[in-house]
Amino acid sequence: MWQWPMRFPPRYESMYSPNLYSSPLYQIITGALGPLFSPPFPGGEPFRGHHHDNDANSDSAVLRSMGKTRWLILVTCLCLFAAFSDGRELKAWHKSKLPDYNHTLATILVEYASAVYLSDLTQLFTWTCCRCNGLTKGFELIELVVDVEHCLQAFVGVAKDPNAIIIAFRGTNEHSLQNWIEDLYWKQQYINYPGMDDAMVHRGFYTAYHDTTIRPAILDAVERAKKFYGDIQIIVTGHSMGGAMAVFCAFDLRVIQHEKNVQVMTFGQPRVGNAAFASLYFKQVPNTIRVTHDHDIVPHLPPYYYLLPEKTYRHFPREVWLYNIGLGSLVYRVEKICDGSGEDPNCSRSVSGNSIADHLVYYGVKLGSDEPMSCKIVMDPRVLNHGTSDSRGNIILSRDPATPLLKMSTTEFDNQEMPISVD
């Protein structure tokens, strides 16, 4: 007889974890349905009754019929196991301690996520921009990095309230074809962190942080800030694709740089990896809040398929869903704190993700570029005295934390601005 336990064909075996064959559900399935999956003539024993030579045609028909039956049952079992695995994973995440949501902090961080979109580097570097005078007033920017080649932008600085190093990443430029291609290029790739062979992530989001000028500039600025300000908290934020980059930055800070106090809050962030990555990320950076807004389309992408939990993209906890209720002029905004699954069916997943307008405003703050038609940047040429520019046009502006903030009048340099555009 064919020896048990039964094993799935190799092409399907690779889709599931090594724990599949020791799971209780698997033992039940193989015990109950084993005869249906057995080969027709294991060890020479007939599949049904006594086998005679003149029954060849009849046996062939039976084999074909039983083959179809076995594959049908196989697919059913795979779906059952997928659902079982998903539920077991949800239960494990529910038991973990979830971060608390702080409304005040969210209204502060969304302003940083908005300011990083601005194209005037002079105003941004001196923190005199039109989006720099609200709850973020007094922020001391240490490093501003612009990867012109890939239309990416981020900054690092220190805030007084909260007392923390703030890292902010710019999101997708709505009209930048290059960024949108990266957003829509959903092919996953294995990341090269040790001991994380099953973790797969979005190729475009991963390379935007790891394979550009962004990562080394950010890590250098964090190191300089900690030397001057001490071991204070690090908060990473971003909107849209900037939220995805914030995730990889925070994970990098925890796993590779061994930073202990890292917090993340993103706005309109897409899914960035599979269930294995989501689980590992949540263990490493549990103090993470993903804010979503009503019918915002981006948090629904790339798609989530709950019947294939180990292969599909998946969000990690914890979501806070902003939506409005009411009729006419009586409209109230609700901030719903979601469960620990990362894919709460009663939060943003309960509605269709079909709105770009909901993606561009969070907490009443505009999130998007002031130069939506290109990756154009504007700056006074003398600002480059505080930074470097490489042969590809990428710019890093740095300030020594020990020196006072630059006192530059933005109107003084209006006639000396140097536009740089990337189409």
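Trainee: With -115° about the S-S bond, is the link of Cys-338 and Cys-347 left-handed or right-handed?

Mentor: Glad you started there. This is a predicted model, so treat every value as computed from it. A disulfide is a covalent bond between the sulfur atoms of two cysteines. For the link of Cys-338 and Cys-347, the angle of -115° about the S-S bond makes it left-handed. The sulfur atoms of Cys-338 and Cys-347 are 2.0 Å apart.

Trainee: Are Cys-338 and Cys-347 buried or exposed?

Mentor: The cut-off for buried is under 20% relative accessible area. Cys-338 is at 1%, so Cys-338 counts as buried. Cys-347 is buried too, because its relative accessible area is 0%.

Trainee: How many disulfides does a search of the whole structure find?

Mentor: Two. The other pair to look at is Cys-129 with Cys-132, whose sulfur atoms lie 1.7 Å apart. With 80° about the S-S bond, this link is right-handed. Cys-129 and Cys-132 are both buried.

Trainee: Which cysteine sulfur is nearest to that of Cys-130, and how far away is it?

Mentor: That of Cys-129, at 5.7 Å, and Cys-130 takes part in no disulfide. Cys-130 counts as exposed because its relative accessibility is 61%. Cys-249, on the other hand, has a relative accessibility of 0%, so it counts as buried.

Trainee: Let's turn to the interior. How many residues does the largest nonpolar core have, and which have the most contacts inside it?

Mentor: To read a core, look for buried nonpolar residues joined through their side chains. The largest one here has 45 residues, and among those with the most contacts inside it are Ile-167, Phe-169, Val-236 and Phe-277. Helix α9, residues 241-255, supplies the largest share of this core, with 10 residues. There is also a second, separate core of 44 residues, which includes Leu-109, Ala-115, Leu-118 and Cys-129.

Trainee: Why is strand β6 described as largely enclosed by the rest of the structure?

Mentor: Because seven of the seven residues of β6, residues 233-239, are buried. You can also read which way they point: Gln-233, Ile-235, Thr-237 and His-239 point one way, Ile-234, Val-236 and Gly-238 the other way, and all are buried.

Trainee: How many bridges join β3 to β6, and how many join β6 to β7?

Mentor: Bridges are what tell you that strands pair. Six join β3, residues 164-169, to β6, and the two run parallel. Another six join β6 to β7, again parallel. Ile-234 is a handy landmark in β6: it is the bridge partner of Ile-165, and it stands opposite Val-262 in β7. The chain goes from β6 through α9 to β7, a right-handed β-α-β crossover.

Trainee: And the rings: how many aromatic pairs does the structure hold?

Mentor: It holds 17. For a single pair, read the distance between centres and the angle between planes. Phe-267 and Tyr-363 have ring centres 6.2 Å apart and planes at 90°, so the pair is edge-to-face. It links distant parts of the chain, with Phe-267 in strand β7 and Tyr-363 in the loop between β11 and β12, 96 residues apart. Both Phe-267 and Tyr-363 are buried.

Trainee: Which residues form one aromatic cluster?

Mentor: Tyr-206, Phe-248, Phe-251, Phe-277, Tyr-281 and Phe-316 do. Try Phe-316 in your viewer: the charged end of Arg-290 sits over its ring, 6.0 Å from the centre.

Notes:
Residues numbered from 1 in each chain as written. Predicted model: local features only at pLDDT ≥ 70, side-chain atom pairs only at ≥ 80, totals over all residues. Heavy atoms only, no water. Core = buried A, V, L, I, M, F, W, Y, C linked by side-chain atoms within 4.5 Å. Buried < 20%, exposed > 50% of the residue type's maximum accessible area, 1.4 Å probe, protein only. Helix = DSSP H or I, 4+ residues; strand = E, 2+ residues; numbered from the N terminus. Disulfide = S-S within 2.5 Å. Phe/Tyr/Trp six-rings, centres within 6.5 Å; stacked < 30°, edge-to-face > 60°. Lys NZ or Arg CZ within 6 Å of the ring centre and 35° of its normal. Pairing = 2+ DSSP bridges. Right-handed = clockwise from strand over helix to strand, strands pointing away.
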